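Work through the exercises below with the sequence and the model at hand. Try each task before reading its solution.

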Amino acid sequence: MNMYFAYPALKDYITCDPGPFEYERVGNAGYRIRKGVAEMSGALIIPATFNNKPVMHIADNAFANCTGITSVQISDGVIIVGVGAFSGCTSLLSVEMQNSVMEIQDRAFEGCSKLSSIQMSNRLTRIGARGFADCTSLSSIQLPSGMEIIDNNAFEDCTSLVNFNIPSGITKIAEKAFWRCSSLKNVQIPSTVTEIGNYAFDNCKELSNLQIPGSVRSIGNYAFANIDFLWQRMKIPGSVVSIGVGAFSNSKYLSCVQMDNGIRTIGDYAFSGCTKLHMVIIPDSVTSIGEGAFESCVMLMFVCINANMSNSSSTSDILELDDSAFDGCQRLGRIIVPNDDYIYNEYVAEFEAQGFEDMVVRETAGLNFTLLENGTYEVSKGADPLVGEIIIPSMYNGEPVTRIADNGFINCAIEDVIIPSSIETIGENAFANCDNLGMAILLRTAADGITDISATAFNGSDNVCFRVFDEASYYAYYEHFVSVGAADLAQYIQFIMYI
């Protein structure tokens with residue numbers, strides 16, 4: 001194995017022939033280094049000094065396409081790894097850099113297809129555009145907490161990359177930063193990130209473990225598109241103002257989307273082609289849903305609109321809905337809107353152009369609400385008989401409905417009940433002796449902490465089955481029923497993806 005070191009020369013600009021390196025003065029501070037005339041193979045050591053001054057900068061394209069280099073050791077003192085410095089070094093296996101390195105510039109290691117091990121400087125602040133693009137053998141990388149910039153396409157086509165922790169100094173995940181990282185499964189996004197760029201994780205087909213923090217304000221176009229294993233159930237925080245064009249399109253196993261209050265716009269084709277999507281919860285803060293936003297979501301059955309609104313009616317309560325927003329959603333059965341005449345009629349008119357006007361249903365009227373000590377509400381049946389399907393509202397007088405009362409709907413002739421994610425507790429005998437009750441849809445998931453259901457809540461309602469929206473919730477409710485002594489009910493829980 002060859003080992004390359006620089007040795008003193010008579011000039012400040014280049015080494016004497018046949019030296020392996022050339023040097024260029026960087027003012028009076030030190031030197032910039034690049035490959036000399038000799039061919040290189042094996043281990044490359046970038047020296048710390050030349051002519052008693054530090055080597056500070058690995059020059060642009062300094063060792064580009066040196067296909068014989070197998071390892072690189074960057075000595076202390078080097079601050080910058082230049083543009084394309086080691087690009088195309090197709091035999092490079094490992095890189096070790098000392099803590100002086102602060103910047104890896106554009107394309108520095110692009111196309112190093114065998115690079116599998118890299119020790120980063122703990123003072124590194126920036127990785128330039130395409131810095132590690134096409135490093136197809138790189139399976140993991142540990143970046144220092146002081147990182148500030150991961151630029152466009154930085155890890156594009158790193159097809160072996162599995163885990164990635166984004167440092168806490170990063171505020172933006174740049175465009176195509178992880179584009180087509182087809183093996184990437186786990187990404188940790190810190191609470192400092194405010195923007196997720198266009199195509200940032202597009203075609204990361206294995207991505208399954210990712211939470212969007214409450215600091216994120218915008219999700220770019222196609223940011224999470226074409227992902228096979230993305231969340232079964234996803235919650236988008238209210239800090240997000242806009243969801244970009246095609247942002248989650250073609251995410252094959254996404255079954256439930258809950259958007260928190262604060263989101264304003266859902267872009268064109270944002271969730272198109274999410275063929276396992278069953279339920280969408282849209283808050284009243286949303287003002288527009290774009291063209292084809294949920295196009296070809298062939299399993300979509302429930303859409304809850306204005307899910308967090310208080311009881312008011314004005315034109316500002318009606319979102320702008322593109323006529324093609326739900327094209328191809330042939331199983332759409334319920335579009336749930338607040339129980340307000342004006343709002344109901346407006347949404348019937350909105351959905352008429354798509355042929356879904358008959359699917360628009362109100363949250364159930366005539367219920368009784370009791371204010372609890374914590375400022376939330378408990379719900380029960382009112383004076384009028386209840387039959388058929390009931391939809392329990394998530395809000396009343398601007399506050400959440402969190403509890404279904406003891407004996408709240410006992411002996412009712414209801415057939416189905418939709419229980420919103422706001423409900424934390426279902427009391428004793430709440431739905432007891434509801435002989436016709438066939439389906440209870442539980443919108444609260446394990447991610448929020450499942451609804452606490454009394455062991456006697458469904459006593460005598462022998463035909464009931466429970467539908468939940470993700471696998472984690474299926475197991476959580478199953479274990480809950482067993483733990484409260486209602487194991488007979490556990491067998492009637494259905495994971496809605498398989499219905």
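**Exercise 1. Count the disulfides in this predicted model, then check cysteine 274 and cysteine 412.**

Solution.
- Step 1. Apply the cut-off: a disulfide needs two cysteine sulfur atoms within 2.5 Å.
- Step 2. The count for the structure is zero.
- Step 3. Take cysteine 274. Its nearest cysteine sulfur belongs to cysteine 297, 5.1 Å away. Cysteine 274 is in no disulfide.
- Step 4. Take cysteine 412. Here the nearest cysteine sulfur is that of cysteine 434, at 5.3 Å. Cysteine 412 is in no disulfide either.

**Exercise 2. Decide whether cysteine 274 and cysteine 412 are buried or exposed.**

Solution.
- Step 1. Buried means under 20% relative accessible area.
- Step 2. Cysteine 274 has 0%, so this residue is buried.
- Step 3. Cysteine 412 has 8%, so this residue also counts as buried.

**Exercise 3. Lay out the open sheet of five strands and find its edges.**

Solution.
- Step 1. Write the order: E31-E34-E36-E38-E39. The pairing is parallel.
- Step 2. Look at the ends. E31 (387–391) and E39 (493–495) each have a single partner strand, so one side of each lacks a neighbour in the sheet.
- Step 3. Add the twist, which averages 20° from one strand to the next.
- Step 4. Inspect one pair. E31 joins E34 (residues 413–419) over five bridges, in the parallel sense. Isoleucine 391 sits opposite isoleucine 418 of E34.
- Step 5. Place helix H2 (residues 471–483). H2 packs on the sheet and touches E36 (439–442), E38 (465–468) and E39. The directions of H2 and E39 make an angle of about 170°.

Key: Residues numbered from 1 in each chain as written. Predicted model: local features only at pLDDT ≥ 70, side-chain atom pairs only at ≥ 80, totals over all residues. Heavy atoms only, no water. Pairing = 2+ DSSP bridges. Helix = DSSP H or I, 4+ residues; strand = E, 2+ residues; numbered from the N terminus. Axes fitted to C-alpha atoms, helices over the stretch in contact; angles between N-to-C directions. Contact = heavy atoms within 4.5 Å. Buried < 20%, exposed > 50% of the residue type's maximum accessible area, 1.4 Å probe, protein only.
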